Amino acid sequence: MLRRLGFLTIGLFDEADPRRGHESTLQIIELGERLGFDSAWLRHRHLQFGISSPVAVLAAASQRTSRIELGTAVIPLGWENPLRLAEDLATVDLLSGGRLHPGVSVGPPMQFDRVRDALYPDTADAEDFSYTRVERLLAAVRGEPVTSFAGFEGFEQFSDRVQPHAPGLASRLWYGGAGVRSAQWAGEHGMNFLTSSVVKAEEPLPLDFEQIQLAHIRAFRAHHPDGDRARVSQGLVVIPTDSASPAQVAKYREYAAKRLPRTRTPQGPARMMFAPDIVGSSTEIAERLNGHAAFREIDEVAFALPFTFEHDDYVQILTDMATRLGPALGWSPAAGR
């Protein structure tokens, strides 16, 4: 049975009117809370027309909601200074009343050769984009010392750890991984694990998305101190059509059909495997998911909203998710528990 239901959005906007897109995202999060969703997650995009500062947007969302958990899926740490990010995360977590669930990942920034001179003009060759960057963030969020000095200098008082400190935030950090090594690393370091609609096709695993994702989930839990109780959230693109208009249904099916060819074979040098988008009635989607090898292994999800739809489409999809698909999967709205 599905215990926790969440959704993920990219927060697209028009360059000529970016406020409208950001406001739409905030309204969608507010709707999610009213519908009883357990969590709302924001994607992260740099130098594109999607949310580049999800932590700032979630700060605003924290003041317009009171219950729903607020997450990032995921912040690419190659763009961030872990100490500064820890300050921002702790601040927003306190403002939200302890509802922040930051998801992160590592690796060089996307299109690094094109942005390195702007992002790291003096230190690009020395930057460490490995898991060490996550370890630095974890240490700062946990309240470990980041400097050797604490005390007064004149009239000013200084702390040797990140301020403000948000108790409990470290236990709500997630790692977004697409490969076995990332899954194991997240487990070994006691993090929660985000697995999405994209995984790496690595030997000796079969070229089957569900089996690859299942192997990642099991590898994560095998290396986590909490074992089978360790938290995993699965993110697939699912589009219920129960209350959709004929025009919306046609658009949704066309969207999924255009993306289907990429799911048949590994893509690119990293051999990425994509999950097919699932479009249909809530009954049909529930049947598909209940037969999904990886879905049967988890009890929480953050279903991804398609990138390019309109605000009204998201309202329809989220409403069907909460009122029809979720219950068909055994979930009940948070407000009714």
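**Exercise 1. Leaving out residues up to four places away in sequence, determine which residues L173 touches, and establish where L173 lies and whether it is buried or exposed.**

Solution. Begin with the contacts: once residues up to four places away in sequence are set aside, L173 touches P102, L138, V141, M191 and N192. These contacts belong to a predicted model, as does everything that follows. Next, place the residue in the chain, where L173 is found in the loop between β6 (156-158) and β7 (174-176). Then turn to accessibility: L173 has a relative accessible area of 0%, and because buried means under 20%, the residue counts as buried. Finally, consider a pair that is remote in sequence, L173 and L83, which stand 90 residues apart along the chain and whose C-alpha atoms are separated by 15 Å.

**Exercise 2. Work out which strands pair with β3, in which sense they run, and why β3 is described as largely enclosed.**

Solution. Take the pairing with β2 to start with: strand β2 (residues 39-42) and β3 run parallel and are joined by four bridges, and within this pairing L42 stands opposite T72 in β3. The pairing with strand β4 (residues 100-105) is also in the parallel sense, over five bridges, and here I75 stands opposite V104 in β4.

The connections come next. Helix α2 (residues 54-62) forms a right-handed β-α-β unit together with β2 and β3, while helix α3 (residues 82-96) forms a right-handed β-α-β unit together with β3 and β4.

As for enclosure, six of the eight residues of strand β3 (residues 69-76) are buried, and the strand is therefore largely enclosed by the rest of the structure. One backbone feature completes the description of this strand: V74 is found in β3, and the peptide bond leading from A73 to V74 is cis, with omega near -5°.

**Exercise 3. Describe helix α1, asking how its span compares with the expected one, which of its residues are buried, and what they pack against.**

Solution. For the span, helix α1 (residues 18-35) has 18 residues and reaches 26 Å from its first C-alpha to its last, which is close to the 26 Å expected at 1.5 Å a residue. For burial, the buried residues of the helix are G21, S24, T25, L26, I28, I29, L31, G32, E33 and L35. To read such a list, recall that an α-helix has 3.6 residues a turn, so residues three or four places apart point the same way. The buried residues of α1 pack against β1 (4-9), β2, α2, β3 and α10 (311-328). Beyond the end of the helix, α1 is followed by G36, whose phi is positive, near 95°.

**Exercise 4. Identify which members of the largest nonpolar core touch the most other members, and follow the contacts of L318.**

Solution. The largest nonpolar core has 92 residues, of which F37, M191, F303, L318 and M321 touch the most other members. Following L318, and not counting residues up to four places away in sequence, one finds that it touches F7, I28, L31, L35, F37 and L305. Apart from the largest core lies another, of six residues, including F112, Y120, A124 and F129. The list of contacts also leads back to Exercise 3, since I28, L31 and L35, touched by L318, are among the buried residues of α1.

**Exercise 5. For S182, establish its element, its accessibility and its contacts.**

Solution. S182 has its place in helix α6 (residues 180-188). Its relative accessible area is 12%, and since the cut-off for buried is under 20%, S182 is buried. Leaving aside neighbours within four places in sequence, S182 is in contact with Y131, Y175 and G177, and a polar contact of 2.9 Å joins the side chains of S182 and Y131.

**Exercise 6. Compare L47 and R271 by phi, location and accessibility, and then locate the cis bond before P204.**

Solution. L47, although not a glycine, has a positive phi of about 55°, and R271, likewise not a glycine, has a positive phi of about 55°. L47 lies in the loop between β2 and α2, whereas R271 is in the loop between α8 (246-259) and β12 (272-274). At 72% relative accessibility L47 counts as exposed, while R271, at 35%, counts as partly exposed. Finally, E203 and P204 are joined by a cis peptide bond with omega about 5°, and P204 is found in the loop between β9 (198-200) and α7 (209-222).

How values were computed. Residues numbered from 1 in each chain as written. Predicted model: local features only at pLDDT ≥ 70, side-chain atom pairs only at ≥ 80, totals over all residues. Heavy atoms only, no water. Helix = DSSP H or I, 4+ residues; strand = E, 2+ residues; numbered from the N terminus. Buried < 20%, exposed > 50% of the residue type's maximum accessible area, 1.4 Å probe, protein only. Polar contact = N/O pair within 3.5 Å; in protein donor to acceptor, adjacent residues only side chain to side chain. Contact = heavy atoms within 4.5 Å. Pairing = 2+ DSSP bridges. Right-handed = clockwise from strand over helix to strand, strands pointing away. Expected span 1.5 Å × (residues − 1). Core = buried A, V, L, I, M, F, W, Y, C linked by side-chain atoms within 4.5 Å.
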